[in-house]
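Please examine the sequence and the three-dimensional model shown below. The paragraphs that follow lead through its backbone, its interior, its charged pairs and its principal pocket.

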Amino acid sequence: MYYCNSMKKIQLLLLLVTVLLSCKKAETKTATTVEVSVTDGSTGSVAGGATVNLYESVSAVTGNTPKYTQTTDQSGKAKISVAYLSQYYVLVQKGNEKNYYSGLIPVGIFKTQTDIQNSPVQKPAAVIGGVKFQDTNGDGKIDALDDVSAPVVSVSANTNNTFSTTVY
């Protein structure tokens, strides 16, 4: 009788341990990544071969000291494993095309003289084939008052964070 009770206790204990172990959640650590998709504004196609730079701060942007640099693949994407920060500044360049020009955000390319005439005045003067910039403050001209910080991707820890941009 004593042997039977001991065996039942051991079986019950083993069953309890098995249940507890199977209920324990698997601890998996997901990397924090930033995935940047780049489009060529002139053609509307993906921009494979573009250089993506991620900066930790405005001073890093100003000093041109990126924390991470990667080239987009044929699908126009760069996936970068990063240390968690709440945000990174994203500057992209492919040849002479960029997503940010020293404070100005490009929004297109001037295609005709009418396009230039119907757009805010820029300095240097707009030309057909030149980059058209965003009139950030809405005053009808592009100047130092339109300067903004570099584009930012907000980052959540242990997830894949996505950001899309266009180079002109």
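In which loop is Ser 102 found? The model is a predicted one, and in it Ser 102 is found in the loop between strand S6 (97-98) and strand S7 (106-109). The residue has a positive phi of about 45° although it is not a glycine. Ser 102 is also exposed, its relative accessible area being 69%.

Two further backbone features deserve attention. Asn 158 has a phi near 60°, again a positive value in a residue other than glycine. Its place is in the loop between S11 and S12, and with a relative accessible area of 40% Asn 158 is partly exposed. The other feature is a cis peptide bond that joins Lys 123 and Pro 124, with omega at about 0°. Pro 124 belongs to the loop between strand S8 (121-122) and S9.

The interior may be considered next. In soluble globular proteins, nonpolar side chains tend to be buried together. Here the largest nonpolar core has 18 residues, and those with the most contacts inside it are Val 36, Val 38, Val 52, Leu 54, Val 90 and Val 92. At least two residues of this core come from each of S1, strand S2 (51-55), S4, strand S5 (87-94) and strand S12 (160-167). Apart from this core lies another, of eight residues, including Tyr 55, Ala 60, Leu 91 and Ala 150.

The surroundings of Leu 54 can be followed in detail. With its neighbours within four places in sequence left aside, Leu 54 is in contact with Val 34, Pro 66, Lys 67, Tyr 68, Ile 80, Val 82, Tyr 88, Tyr 89 and Val 90.

Val 153 offers a second view of the interior. This residue is found in strand S11 (residues 152-154) and, at 2% relative accessibility, counts as buried. Although Val 153 and Tyr 88 are 65 residues apart in sequence, their C-alpha atoms are 5.5 Å apart in space. When residues up to four places away in sequence are not counted, Val 153 touches Val 34, Ser 86, Gln 87, Tyr 88, Val 90, Thr 162 and Phe 163.

Is Thr 72, a loop residue, buried or exposed? Thr 72 lies in the loop between strand S3 (68-71) and S4, yet it is buried, with a relative accessible area of 5%. A polar atom of the Thr 72 side chain lies 2.6 Å from the backbone oxygen of Ala 47. Outside the residues up to four places away in sequence, Thr 72 touches Val 38, Ala 47, Gly 48, Gly 49, Ala 50, Val 52, Lys 77 and Ala 78.

One of these partners, Lys 77, leads to the charged pairs. How many salt bridges does the structure hold? There are three. In one of them Lys 77 pairs with Glu 35, the closest N and O atoms being 3.8 Å apart. Because Lys 77 lies in strand S4 (residues 77-81) and Glu 35 in strand S1 (residues 33-40), the pair ties together parts that are 42 residues apart in sequence. Lys 77 is partly exposed, with a relative accessible area of 35%, whereas Glu 35 is buried, with a value of 16%.

Another salt bridge brings together the side chains of Asp 115 and Lys 132, at 2.8 Å from N to O. Asp 115 lies in helix H3 (residues 113-117) and Lys 132 in strand S9 (residues 131-133), so this pair ties together parts that are 17 residues apart in sequence. Asp 115 counts as buried at 18% relative accessibility. The side chains of Lys 141 and Asp 143 also meet in a salt bridge, at 4.0 Å from N to O. Lys 141, at 40% relative accessibility, counts as partly exposed, and so does Asp 143, at 26%.

The empty space of the model remains to be described. The largest pocket has a volume of about 260 Å³. Its lining comprises 13 residues, of which Tyr 55, Asn 64, Leu 91, Lys 98 and Tyr 100 lie nearest its centre. The elements that give two or more residues to this lining are S2, helix H2 (58-62) and S5. S5 gives the most, with three residues. Tyr 55 and Leu 91, named here in the lining, are also among the residues of the eight-residue core.

Definitions and conventions
Residues numbered from 1 in each chain as written. Predicted model: local features only at pLDDT ≥ 70, side-chain atom pairs only at ≥ 80, totals over all residues. Heavy atoms only, no water. Helix = DSSP H or I, 4+ residues; strand = E, 2+ residues; numbered from the N terminus. Buried < 20%, exposed > 50% of the residue type's maximum accessible area, 1.4 Å probe, protein only. Core = buried A, V, L, I, M, F, W, Y, C linked by side-chain atoms within 4.5 Å. Contact = heavy atoms within 4.5 Å. Polar contact = N/O pair within 3.5 Å; in protein donor to acceptor, adjacent residues only side chain to side chain. 1 Å grid on protein atoms, 1.4 Å probe; cavity = no way out; pocket = protein on both sides within 12 Å on 5 of 7 lines; lining within 4 Å. Points joined across faces, edges and corners; volume = space filled by probe spheres on them.
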